[in-house]
Structure formats: structure tokens, C-alpha cells
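Welcome, and please take a moment to look over the sequence and the model before reading on. We will walk through a few places where side chains and helices come together.

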Amino acid sequence: KENHGIDIDLDTIPLDDIKTYELYQRAETVGTFQFESAGMRNYLKSLKPTAFEDLIAMNALYRPGPMEFIPKFIDRKHGKEKISYPHPLLEELLKDTYGIMVYQEQIMRAAQIMAGFSLGAADLLRRAMGKKKKEVMEQQQEVFVEGAIAKGIDKEKAEEVFAVMAEFAKYGFNRSHAVCYARIAYETAYLRANFPVEFMTAMMTTDRSNTDRIVLEMNECSAMNIEVLPPSVNESGTHFTVILEKNDEKQKRSEEHTSELQSH
């Protein structure tokens, strides 16, 4: 607000901001929540996120276990691999994740759709799958298959879908958590994309006692063509501060540059 006269309400920023998704596509995400690691940035360059759902899914997938599904997720998004679903009834549920079961909630909902599980029963199934207790799993499979048959689904197909669900349940992340993380991540990326100087100033102030981070962030500023000035008794504040060049100073520098060119 001090520099641009703008009030920002992070609760109302648009979730389809082009600059923000272009930033993700370039993987220029140092300083953004959950998306700044080198491995994540490599995947972002391939994924080229275009929607908030992509960020939610990547947040859930970039963890030990589900990471193995990231290349498949990327290939399906870009049409390099055909999207397939464990069963046609699950297409609506899995279309945003290109047929891949990414979230625990998808596994629970699949049990409801395919076999008529209640929410409580579906959560018990999710926990049983996650813990991989053989006896409990066998009991749950029997209930699932019976419920699916009652809905007119072939027994063999029901067993096949149950096996797919059990495989993904080992890794499935909680979608409600992933949404919250992705939202905070998007907010930080939005600020970096739209107000880069202010964002880097705030980040360096936050990390001012961490030399390693300051060096990393100074290098990032250099890559962003943001000049980091040395301390000045005339301009510096208590922390890192944005120094806006005054119009008369810009004009003076421009005139000096023009004069220099003419002398050459």
C-alpha cells in the first residue's frame, strides 16, 4: 500500500491470475510455500500448471510414495498418456486428477459410489487400507464386493477396483490439507508474481538472521533483475526496505546516459 496505494485482501485475490500461473510454469517459486524445492521446481516445469486443482494435486503427490505417480499425472494432463478410470462410475470423481486416485477422500467417495458405503464405513475402509492389516482388508473386500454386486457391478471388476483403491490408499494424502497448503502456496506465488520487489524485501527481512537464506535470496533477486543495495545512512530502514527511484532521479540518469551516448 505504501508503494502503490493498493489494499490487498488475500481472501479475495483471483485464483486464475495469469501472472501467477506463468510464474509456476517457469518454476520461479523460491520463497513460495511448499513449492520451492529443486525437485518440485523440476516437476513444475513439466507440469506447467494452469489451474488451482493442479497445485492441490502436486502438493498431495510430492511426498514419499505418491511421487511415483507424478510423471503419469503430468503425461495425462498433456495428453501424452490416455486417461483411464478404474470404472466408468468413477469418472466424475477422478476427472480432475486424470483418473489417478490422489486423495484419501477420493478413496472414501469411491467406496460410497461403487459399493454403497456410508461415510463412516468408508473411513473405516480407508484406515484399514492404510494400515494394510490382512484380516481386516479381507473382511472389507468382502463387504465392498457384496455392495458392488448389489449395485449391478461384476464381481471380478469389483475386486479389480478394490485392488486399485488399496494400492492408492497406501499413499493417499488428505485433500482438505492439500487444499489449504495449496491456497497458502498460491497466495505467496501471487504476491511474488505481482509485487516481486515487495515480496523479496519481506522475505529477506523474515530471513535476515539466516545467512544461507539471504545469500540464496540475493542470488534470486539478481536473477529477477532486482538490485540489492548496500546499507545507507540516508535511505536504509531497520530492515530490508524498498527504495523507489524518484522520477527526477530517473530523468537525470536518462539524460546522463543520453549524453554519454552522444559523446561516443
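The charged end of which residue sits over the ring of Tyr-103? It is Arg-175, whose charged end lies 5.2 Å from the centre of that ring. Keep in mind as you look that this is a predicted model.

Arg-63 offers another example of this arrangement: its charged end sits over the ring of Phe-173, at 4.0 Å from the ring centre. Rings also meet other rings here, and the count comes to 12 aromatic pairs. One aromatic cluster is formed by Tyr-21, Phe-52, Tyr-186 and Tyr-190.

Some of these residues turn up again when we move on to the helices. Two packed helices are described by the angle between their axes and the distance between the axes.

Start with helix H3, which covers residues 52-61, and helix H10, which covers residues 175-194. Their axes come within 8 Å and cross at roughly 115°, and the crossing is right-handed. On the H3 side, the residues that meet H10 are Phe-52, Glu-53, Leu-55, Ile-56, Asn-59 and Ala-60. Facing them from H10 are Arg-175, Ala-178, Val-179, Tyr-181, Ala-182, Arg-183 and Tyr-186. So Arg-175, whose charged end sits over the ring of Tyr-103, also takes part in the contact between H3 and H10. Phe-52 and Tyr-186 are in this contact too, and both belong to the aromatic cluster. Sorted by class, the contact has nine nonpolar, one polar and three charged residues.

Next, find helix H7 (residues 119-131) and helix H8 (residues 134-150). They pack at an angle of about 140°, with their axes 9 Å apart, and are therefore oblique to each other. The crossing of H7 and H8 is left-handed. From H7, the contact uses Leu-124, Leu-125, Ala-128 and Met-129, while H8 brings Val-136, Met-137 and Gln-140. Six of the residues in this contact are nonpolar, one is polar and none is charged.

H8 has a further partner in helix H6, residues 104-115. The axes of H6 and H8 come within 7 Å and cross at roughly 45°, which makes H6 oblique to H8. Here Ala-111, Met-114 and Ala-115 of H6 meet Phe-144, Gly-147 and Ala-148 of H8. What classes do these residues fall into? Five are nonpolar, one is polar and none is charged.

Key
Residues numbered from 1 in each chain as written. Predicted model: local features only at pLDDT ≥ 70, side-chain atom pairs only at ≥ 80, totals over all residues. Heavy atoms only, no water. Axes fitted to C-alpha atoms, helices over the stretch in contact; angles between N-to-C directions. Helix = DSSP H or I, 4+ residues; strand = E, 2+ residues; numbered from the N terminus. Parallel < 35°, antiparallel > 145°, perpendicular 65-115°, else oblique. Left-handed = near helix turned anticlockwise from the far one by under 90°. Contact = heavy atoms within 4.5 Å. Nonpolar A, V, L, I, M, F, W, Y, C, P; charged D, E, K, R; others polar. Phe/Tyr/Trp six-rings, centres within 6.5 Å; stacked < 30°, edge-to-face > 60°. Lys NZ or Arg CZ within 6 Å of the ring centre and 35° of its normal.
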